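Notebook open, coffee poured. I wanted to go through this fold piece by piece and write down what I looked up.

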Amino acid sequence: MCVENTKLVEPTVELKGEFLAMANEFKAEGSDTMNGVGSIEIDNFENSIIHAKNHSRGIDLPQGWVPASTFWLVSNNQIVGSCNIRHQLNEFLENYGGHVGYGIRPSQRQKGYGMRILKLSLEKAKQLGLERVLITCDDDNIASIIIIETNGGKLEDKIMDEGHKVPTRRYWIDLRLRET
Ligand SMILES: CC(C)(COP(=O)(O)OP(=O)(O)OC[C@H]1O[C@@H](n2cnc3c(N)ncnc32)[C@H](O)[C@@H]1OP(=O)(O)O)[C@@H](O)C(=O)NCCC(=O)NCCS
């Protein structure tokens with residue numbers, strides 16, 4: 001599979017088998033929520049596809065949620081990762097979650113897909129009308145730090161939360177300066 005051929009697609013029931021395979025890989029490394037990079041649930045797959053579509057359009061949002069779009073990074077009908085783009089920030093997202101979350105399935109890491117998924121996510125964010133995006137990551141997440149800084153992230157600060165073992169880095173990326 002070629003990294004450059006991958007694209008972001010909206011979650012679809014047609015890729016259920018692929019999604020379950022990816023979700024199980026995340027589960028095996030201890031992440032039941034796939035690092036929170038989407039709202040698709042294994043046990044409620046078909047309904048959560050509908051919810052994801054609605055949430056991206058601001059419909060039926062649970063209390064306190066902001067509109068957000070989930071995408072899968074796909075090539076040749078294989079899902080290699082997932083991302084979630086929040087259309088606006090609330091207090092939690094301002095401090096910890098940021099506008100964009102992303103994850104690459106464990107079997108496909110260290111091949112360039114992480115770099116690719118953030119690049120494509122920023123294009124989607126720009127299409128959504130965002131001018132600046134906040135991206136956060138743990139202070140010890142070396143791969144994500146490289147990905148964010150390579151994509152133009154400027155470190156704003158590091159925040160220490162009581163429940164967290166390491167500080168959260170907060171980066172801003174100015175989309176107005178990007179071509180796509
Ligand atoms: C972080 C994550 C997305 C990286 O995905 P990936 O596909 O492995 O990333 P890439 O292959 O594009 O690598 C990006 C850079 O990080 C480096 N890298 C990748 N994994 C690394 C690791 N474990 N340790 C150190 N550097 C690493 C790569 O060498 C590359 O650097 P380079 O361009 O200088 O060569 C992936 O590990 C993941 O999904 N982790 C769990 C969820 C997560 O942390 N999401 C980000 C939250 S902000």
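My entries follow, going from the whole chain to its parts.

**Overall.** I am working from a predicted model. I started by tallying the secondary structure of the protein chain and got 5 helices and 7 strands. Read from the N terminus, the elements go β-α-α-β-β-α-β-α-β-α-β-β.

Next I checked the dimensions. Along the principal axes, the C-alpha atoms fit a box of roughly 40 × 40 × 35 Å. A compact globule of 180 residues would have a radius of gyration near 16 Å, and the protein chain has 15 Å, so the two agree. I also noted that 45% of the 180 residues count as buried. Taking contacts with a separation of 6 or more, I found that 62% of them join residues 24 or more positions apart.

**The four-stranded sheet.** In what order do the strands of the open sheet of 4 strands lie? I read β1-β2-β3-β4, with antiparallel pairing. The edges are β1 (7–9) and β4 (100–104); each has a single partner strand, so one side of each has no neighbour in the sheet. Ignoring direction, neighbouring strands here are turned by 30° against each other on average.

I then followed β1 to its partner: it pairs with β2 (residues 68–75) in the antiparallel sense over 3 bridges. Within that pair, V9 sits opposite W72 of β2. Helix α1 (residues 16–28) packs on the sheet and touches β2, β3 (78–86) and β4. I have the direction of α1 at about 75° to that of β3.

**Helix α2.** Does its length fit the count, I wondered, so I set the expected and actual spans side by side. The 12 residues of α2 (residues 45–56), at 1.5 Å a residue, should span 16 Å, and the end C-alpha atoms are 17 Å apart, which agrees. I listed the buried residues of α2 as F45, S48, I49, A52, N54, H55 and S56. Their cover includes α1 and β2. After α2 comes G58, with a positive phi near 75°.

**Cores.** Nonpolar side chains tend to be buried together in soluble globular proteins, and I went looking for where that happens here. The largest nonpolar core has 26 residues, and L73, Y102, L118, V133 and I135 have the most contacts inside it. Two or more residues each come from β2, β3, β4, α4 (113–127), β5 (132–138), α5 (142–150) and β7 (168–174). Which element gives the most to this core? I found α4 in that role, with 6 residues.

I picked V133 for a closer look. Leaving out neighbours within four places in sequence, V133 is in contact with H99, L122, A125, Y171, W172, I173 and L175. Apart from this core lies another, of 14 residues, including A23, M34, I49 and A52. I49 and A52 were already on my list of buried α2 residues.

**Around β7.** Last, I turned to the C-terminal strands. Of the 7 residues of β7, 6 are buried, so this strand is largely enclosed by the rest of the structure. I counted 7 bridges joining β7 to β5, the two running antiparallel. Strand β6 (residues 154–159) also pairs with β7 in the antiparallel sense, over 5 bridges. Which residue of β7 is the bridge partner of K158? I find R169. R169 also stands opposite C137.

Key:
Residues numbered from 1 in each chain as written. Predicted model: local features only at pLDDT ≥ 70, side-chain atom pairs only at ≥ 80, totals over all residues. Heavy atoms only, no water. Pairing = 2+ DSSP bridges. Axes fitted to C-alpha atoms, helices over the stretch in contact; angles between N-to-C directions. Contact = heavy atoms within 4.5 Å. Expected span 1.5 Å × (residues − 1). Buried < 20%, exposed > 50% of the residue type's maximum accessible area, 1.4 Å probe, protein only. Core = buried A, V, L, I, M, F, W, Y, C linked by side-chain atoms within 4.5 Å. Rg over C-alpha atoms; globule rule 2.2 N^0.38 Å.
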